[in-house]
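The following exercises are to be worked through with the sequence and the three-dimensional model at hand. Each task is followed by a solution in steps.

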Amino acid sequence: METVKLNIDGRDVETQEGKSVLEAALEAGIYIPYLCHHPDLSPNGACRLCIVEIEGVEGLPTSCTTPAADGMVVRTKTEKVEHMRRLAMELMLAGHPADCGSCNKYLNCELQSVKQYLGCEDLSVRRRSKLFPLNMGNPLFFHDPNKCIACGRCVRACHELRGVGVLFYKKRGKETYIGTADDQSLADSSCRFCGACAEVCPTGAIQDKEELVKGKKRKMALIPCRYTCPAEIDVPRYIRFIREKDYSAATAVVREKAPFPRVLGYVCDHPCEAVCRRGEINQPISIRELKRFAAEHDEARSWAGNSTKKPPTGKKVAVVGSGPAGLTGAYYLSNQGHAITVFEALPLAGGMMRYGIPQYRLPRDVLDGEIRDIENTGVEIKTGTRIESVDRLFAEGYDAVLVALGTHEGQKLSIPGADIDDILIGIDFLRDVNIGEKVAIGKRVVVLGGGNVAFDCARVARRLGAEQVHIACLECRDDMPAAGDEIDQGEEEGIAIHPSRTPTRILSDNGSITGVEFLDVESFSFDEDKNLEIEVRQNSQHVLEADTVIFAIGQRPEVPDGFGLDITAGRLIEVDTYTFDTSREGVFAAGDAVNGTSSLISAIASGRKGAVALDRFLEGSGNIDEKLAPQSEPEKCLGPGEGFATMNRHEVSCILPRERLESFCAVAGDMEEEAADYESKRCLQCDLRLKITPVKFWGNY
């Protein structure tokens, strides 16, 4: 584009043809006050704060609507200009609430900033009260028309930037305000809830509800699905690719952060869905199911061609454990050019993904396929090889070790009867079933614990023929740590849940289990030493009859003494929080062995961090990020959203409970393409908001 030259306040300034005088000044670091202007919106000059004097031009034109021209001489701070600016500002402030200190936009308000710049502390015009009612009825946003200065930014953002077109200038008496047609709710007016109006509002007249953003970092508040995910998978981006029917690109987005997109599509505990902003409107997006749909329709596998592997470094790394953390670390370290060998004590790779998760939740061909993808990067996996000493690994020439042992040692409660031979440990029970061993199970089973492992044990017991299965746990029903779909599906399969119970003893007759005695729990907590303190209801003893008891109250790692690592009081591997260093140089640790039993996605995220730390130790960059998906800017215009708020979540169908109990076949059905398209269109595309250009305050010039 052609450039034009003009003079502003005695300074020669160059800018591109077509830009306004205001844009030219701001780009040159010359501040001109404004409120109605926004760099992403068309100018309208409504606030009259950006007026200037231009030689040869009558009056005081607004600089935001005046194109810069060659030879133009502009003065921004004459006495006349400053007087008229203050008057324009006072007229706006006259109808604006005076108490800035009580506003949650205090010290982060454009109006307040410009007011300070112009020195408008005492008004020469009469104040007035608008007396508009506050609108708290919309699910995501708070609207206070009394703070509105009619700059029109929100209206232009809604119409021009997003193409939704539901906000308008309106009149009530002599007062102008912003509202929807017939003053309907945003949902009824076909709003897309993109947040552009709140983002560009300079006064806080439209803003996010405080309870959704208070105390949170900006990205966490506005894109909670992505930043609640331990691996920070870019959820809005892959959902956008699904909407565009580019399933390979969608899968590539997931693979940029995790090498297990299909596995995650089946068994991720999806913390992203719990915080999805769409959930404030009706129900959250089916994020996990969309991930699974994309991964299972990734025929092009475009990510494979975009993945790059660095030249060999000559460094050898041993990874102990082939669970999600170990294999994730191995994958990224291999791509950094290191020679990676994974050692697994069990016969097959996969760790808890294979030996802890039942096949009805995670089909083994899905797991096997993604492990093969990791091996194809050059990772060598040695199964049936138990490592008892890291000294042996260093002696064999390995330059560093990543310990990712998982938590394979189940725990029991120290209660009378817990030492009966027939009592089962949950993780051992699941492992035996998963490797095909025959496990004796009674007709009446009580599982102690309320997490996913407990429900896996209970549901497996039903499939093995148990007629009555009970789960009892300390937590109340709403606080049970198991995933909601696990609880719901377990109940559908006939499992009885007994929350807020603590077992006091296991009953037996001649060595055979007959039941478990419980007390009702009023509350429980942990003291400063992390010791459990339980308050029980007096005289609440009761018994659940059983001939099999399964402890599923937690696991911990089995760390060989030969590793020589410092261990915490909870028998976890002690690491530096930031470097993932253990007590031994060159030995790093990740996953459940460090953090305690957690989710699959948390283990993957930990494996990534361990890979970063270990790569830096080997004098690498520590940059393991990959760009596997197409790099393109999303479309800013969303278009009208008729019926958008009433689009209900698509729930994936499951096979009937009676059919589930006949085998270990997959419970969840496949999402159809039409359903995936529908579900992807429910997304608010919250990430678009962060692409709106931020406005600088005058102190930045």
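**Exercise 1. Domains**

How far apart do the C-alpha centres of domain 1 and domain 4 lie?

Solution. The model is a predicted one, in which local features need pLDDT of at least 70 and side-chain atom pairs count only at pLDDT 80 or more, while totals for chains, interfaces and linings use all residues. Residues are numbered from 1 along each chain as its sequence is written, and side-chain values use heavy atoms, with hydrogens and water left out.

Step 1. Take the domain bounds, which come from an automatic or database domain assignment: domain 1 covers 3–98, and domain 4 covers 308–405 + 594–617. The chain also holds domain 2 (130–214), domain 3 (220–304 + 664–688) and domain 5 (409–556).

Step 2. The C-alpha centres of domain 1 and domain 4 are separated by 60 Å.

**Exercise 2. The five-stranded sheet**

Determine the strand order of the open sheet of five strands, and identify its edges.

Solution. Step 1. Strands (E, at least two residues) and helices (H or I, at least four) are DSSP runs, numbered from the N terminus; two strands pair if DSSP finds at least two bridges between them.

Step 2. The order is S14-S22-S15-S16-S17, and the pairing is parallel. Strand S14 (424–425) and strand S17 (495–498) are the edges, since each pairs on one side only.

Step 3. Examine individual pairings. Two bridges join S14 to strand S22 (residues 548–551) in the parallel sense, and Ile425 stands opposite Phe551 of S22. S15 and strand S16 (residues 468–472) run parallel and share five bridges, with Ala472 of S16 as the bridge partner of Leu448.

Step 4. Strand S15 (residues 444–448) is largely enclosed by the rest of the structure, because four of its five residues are buried (under 20% relative accessible area; exposed means over 50%, partly exposed in between, with a 1.4 Å probe and protein chains only).

**Exercise 3. Aromatic pairs**

Classify the ring pairs Tyr31–Tyr701 and Phe588–Phe617.

Solution. Step 1. Rings of Phe, Tyr and Trp (its six-membered ring) pair if their centres lie within 6.5 Å; planes under 30 degrees apart count as stacked, over 60 as edge-to-face and the rest as tilted. The structure holds ten such pairs.

Step 2. Tyr31 and Tyr701 lie 5.5 Å apart, centre to centre, with 40° between the planes, and the pair is tilted. Tyr31 belongs to the loop between helix H1 (21–27) and strand S3 (53–54), and Tyr701 to the segment after helix H25 (673–680), 670 residues apart. Tyr31 counts as buried because its relative accessibility is 9%, whereas Tyr701 is partly exposed at 29%.

Step 3. Phe588 and Phe617 have a centre-to-centre distance of 5.5 Å and 65° between the planes, which makes the pair edge-to-face. Phe588 sits in strand S24 (residues 587–589) and Phe617 in helix H23 (residues 600–617), 29 residues apart. Phe588 is buried, at 1% relative accessible area; Phe617 is partly exposed, at 32%.

Step 4. One aromatic cluster comprises Tyr31, Tyr117, Trp698 and Tyr701.

**Exercise 4. An enclosed helix**

Why is helix H13 described as largely enclosed by the rest of the structure?

Solution. Step 1. Helix H13 spans residues 287–296, and nine of its ten residues are buried, so the description applies.

Step 2. Among the buried residues of H13 are the charged-type names Arg288, Glu289, Lys291 and Arg292, together with Ile287, Leu290 and Phe293.
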